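Let us walk through this model together, starting with how its chains are arranged and then moving to single elements and residues.

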Protein chains: 2
Amino acid sequence: VRAVDIIQKKRDGHELGRDEIAFFVDGYTRGSIPDYQASAFAMAVFFRGMTAAETVALTESMMRTGEVLDLSDLPGPRVDKHSTGGVGDKTSLILAPLAAAAGAFVPMISGRGLGHTGGTLDKLESIPGFRVSLSLKEFRETLHKCGLGLIGQTPEIAPADRKLYALRDVTATVESLPLIASSIMSKKMAEGIDALILDVKTGDGAFMKKFEDSKALAEAMVRIGRGMGKKVSALITDMEQPLGRTVGNALEVKESVETLQGRGPKDLESLSLELAAWMLHLAGIAPGLDAARTRVRDALASGAGLRKFQEVIELQGGDPRVCDDTSRLPQARETVELRSEAEGRVAGIACRTVGQAGMLLGAGRETVDSRIDPAVGIVLHKKVGDPVREGESLMTLHVDDRGRLEEATRLLRQAVRVAREAPPATPLVRLVLDR
Amino acid sequence: VRAVDIIQKKRDGHELGRDEIAFFVDGYTRGSIPDYQASAFAMAVFFRGMTAAETVALTESMMRTGEVLDLSDLPGPRVDKHSTGGVGDKTSLILAPLAAAAGAFVPMISGRGLGHTGGTLDKLESIPGFRVSLSLKEFRETLHKCGLGLIGQTPEIAPADRKLYALRDVTATVESLPLIASSIMSKKMAEGIDALILDVKTGDGAFMKKFEDSKALAEAMVRIGRGMGKKVSALITDMEQPLGRTVGNALEVKESVETLQGRGPKDLESLSLELAAWMLHLAGIAPGLDAARTRVRDALASGAGLRKFQEVIELQGGDPRVCDDTSRLPQARETVELRSEAEGRVAGIACRTVGQAGMLLGAGRETVDSRIDPAVGIVLHKKVGDPVREGESLMTLHVDDRGRLEEATRLLRQAVRVAREAPPATPLVRLVLDR
């Protein structure tokens, strides 16, 4: 087999075999297949797509270039959630403790934020002392002790994916459904989980803006996961406005703690509970989804979820007192109100624009090398449908560096649309993929 | 401008501007754009194609990465022929001297053979002492002295094309019409010519087997040449059987000399004369194609073409006596006859197979690094339509190394089809593109 023949076969629209895909992925990871053949291959995949069998084979091959955690010694099912990323999406911080409190093991490997989207690792790191870069040994110990662990991708996990993703980024081959789906799943499936609930965002603030694209991505990922013998379902959820009321790392941790205290915003609480219930359901911990929902709600009401969060924070070197006193989280130097110039109802909050404004304030990364300011961000006082009076505050900006404040404010002013009438509310969960 | 944006623009089917194409080609040649971006670009071009304007811009950009000969000091028009390659195609050796004898200047830069096709350089090198690697200075001097020069591609000519072609070869991006056409034309247009006749082969032994593909390639090349302000036309000519009666380097030189002596096979003579006439016509040397045909025929009949060939051989270091005594050319150690097992008429000679058999005997290259044996090859005694008796010789194999003789013989036996009836003769020139 020669790499060029595999490229040509894909180019000409023929289905590749498992062995051919494994040969290509292994060779590329080891360096015997050069970047220029991998980029030509990726472009051929962009145009020709991949069958379900090819996509599973690609995912498995990429996963097997690195370590695949064996967590079978944990005394219970292992389950995780993956979100395709959004603005104000801090459900991981809420659902992981809740699911762990209800008896699941949650070995969560997360990413960092880029552009308008936030990342779980950045949020966790706003907790003073919290270490996301545990060794795999420490990760195991944490899981054994408290039922969850929250870390970043290690170099041992799916090195093929890291190498290929960097190449795709500079060869205009990112936007390929099978490549996106296999990239995500190769990392998630390396966690050694039995079940996975996917939260595929759709709308202005999502990676995939169009519902049909989000649905296609969700379907592709569900197919891969099931093709690898795991319990995988997907929720397609709304990202037309930020989730909850905060955008910015410490602000989002604060809101997560409040949600675990039972005082969170309704949209954030309900999506977090629903995803946690799906985790228990897929992991077979509860007999059916409704029973799972009850168990998750109990874990919230009893405070078991909050205590679990406190426990993992302490085990990972963070200050557990933030769960009792969120003022221990980093605070920005000043706050600035953005007031409404009109009266009526909030008809829309351009989600991506809010994320970009947060990035300008320092809450997000413009490039992978940008530094994040954990304290800054945005607190939304009004969401879509809320009534608003002229001069009333729409949001509070938490600011450390005024350098780009003006630009951020201008963006945020454009982002909020006030009108006489608000559109009818869209459901948070747009579709469930559970066939 | 970033390379990745240019790749994406092409990937998404938008037309690239001249500046974008020049930026990409220059960057790639200098090394600031890496191979992996160039291969992704080439694959995007494979799928999306290129507009006429893009193809012209690509050709010009590649040409301008190297030296473009300025031959304006020659006292007459400069014109060349380019063939897409075939089996037994030695017209260059005949038409270049004829056109030069009739008053044109022919700065011919040719290639080597690969696979089943032969190359002009290999044929010329079978003439004892002949040097195809003149410096550009020597090339100019030769052109000034005798009106033609016959050399190989120098490193100074279109380095972008050489680099890109090597990359395309290993990334399954060879088979792209705009890339093929611009590759050929970037080198030809660097010759500093005013006019060019293209001989695009079609049929079993051609690079493009299907007539429609050959036509598309011819049209693309004609468009490029005219887009660059040159007189360019194309003949699409038949390559369903070998041209003339010989395949193999010294054998083809011998046949070319015989043709210049007026004793060549009809098909070879007529195509060589026709192409030479087109050269004179396009160069404006003769008032119309018919007048050009007369001048070329005169140059043949008077022996001026043969003398011109002798002159260029001597100027390029070769033994000019081969034009009087072809036995001075390399001779194979032995000859083997392939006899007909049937009686009837030759109904077909699988052209590519004959080329491959020649390659096995040592007349061609299996890979670019293979060594060629100038003496070996095949002499066809029967062409399509000829009557044949059982036991009569179909061809003579000129052999030095019996190592792969059996394999070659088996191929050749498969190649010749004898039947009761031969199909009607196809015209040698299938189409003229002269709009």
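To speak of a rotation axis between copies, we superpose the copies by least squares on the C-alpha atoms of residues with pLDDT of at least 70 in both. The pLDDT appears here because this is a predicted model. As background, two copies of a chain are related by a rotation about an axis and a shift along it.

With that in hand, chain B falls on chain A after a rotation of 180° and a shift of 0.1 Å along the axis, with an RMSD of 0.1 Å. This is the relation of a two-fold axis. Which residue of chain B comes closest to the rotation axis? That residue is Tyr36(B), whose C-alpha lies 1.9 Å from the axis. The interface fits this picture: 100% of the interface residues of chain B are also interface residues in chain A, so the copies meet through the same surface.

Now follow chain B to an open sheet of three strands, ordered E10-E8-E12 and paired in the antiparallel sense. In general, strands of a sheet pair through backbone hydrogen bonds, either parallel or antiparallel. Strands E10 (387-388) and E12 (416-419) of chain B are the edge strands, each pairing on one side only. Strand E8 (residues 344-349) of chain B joins E12(B) through four antiparallel bridges. You can locate this pairing at Val346(B), whose bridge partner in E12(B) is Val418(B). Lying across E8 and E12 of chain B is helix H16 (residues 405-415), which runs at about 35° to E12(B).

Elsewhere in chain B, look at helix H12 (residues 266-283). Its 18 residues reach 26 Å from first C-alpha to last, close to the 26 Å expected at 1.5 Å a residue. H12(B) is mostly covered, with 13 of its 18 residues buried. Just after H12(B) comes Gly284(B), which takes a positive phi of about 75°.

Chain A offers a second helix to examine, H14 (residues 304-315). Its twelve residues should span 16 Å at 1.5 Å a residue, and the end C-alpha atoms are indeed 16 Å apart, so the two values agree. The buried residues in H14(A) are Gly305(A), Leu306(A), Lys308(A), Phe309(A), Gln310(A), Val312(A) and Ile313(A). It helps to recall that an α-helix has 3.6 residues a turn, so residues three or four places apart point the same way. What covers the buried residues of H14(A)? The cover includes helices H5 (91-101), H6 (120-125), H7 (136-146), H11 (249-260) and H13 (289-301), together with strand E3 (148-152), of chain A. After H14(A) comes Gly317(A), with a positive phi near 85°.

For a closer view of packing, turn to Ile180(A), found in helix H9 (residues 177-188) of chain A. Is Ile180(A) buried or exposed? With a relative accessible area of 8%, Ile180(A) is buried, because buried means under 20%. Leaving aside its neighbours within four places in sequence, Ile180(A) contacts Arg168(A), Val174(A), Glu175(A), Phe207(A), Met208(A) and Leu217(A). Ala220(A) is 40 residues from Ile180(A) in sequence, with 9.3 Å between their C-alpha atoms.

Finally, consider the cysteines. How many disulfides does a search of the whole structure find? The search finds zero over all chains. Cys323(A) is in no disulfide, and the nearest cysteine sulfur, that of Cys146(A), is 12 Å away. Cys323(A) counts as buried at 1% relative accessibility, and Cys351(B) counts as buried at 0%.

Conventions
Residues are numbered from 1 along each chain as its sequence is written. Chains are lettered from A and ligands numbered from 1 in the order in which they are written. This is a predicted model: local features need pLDDT of at least 70, side-chain atom pairs count only at pLDDT 80 or more; totals for chains, interfaces and linings use all residues. Side-chain values use heavy atoms; hydrogens and water are left out. Helices (H or I, at least four residues) and strands (E, at least two) are DSSP runs, numbered from the N terminus. The expected span of a helix is 1.5 Å times one less than its number of residues. Buried means under 20% relative accessible area, exposed over 50%, partly exposed in between (1.4 Å probe, protein chains only). Two strands pair if DSSP finds at least two bridges between them. Contact means heavy atoms within 4.5 Å. Axes are lines fitted to C-alpha atoms, for helices over the stretch in contact, and angles run from 0 to 180 degrees between N-to-C directions. A disulfide is a pair of cysteine sulfur atoms within 2.5 Å.
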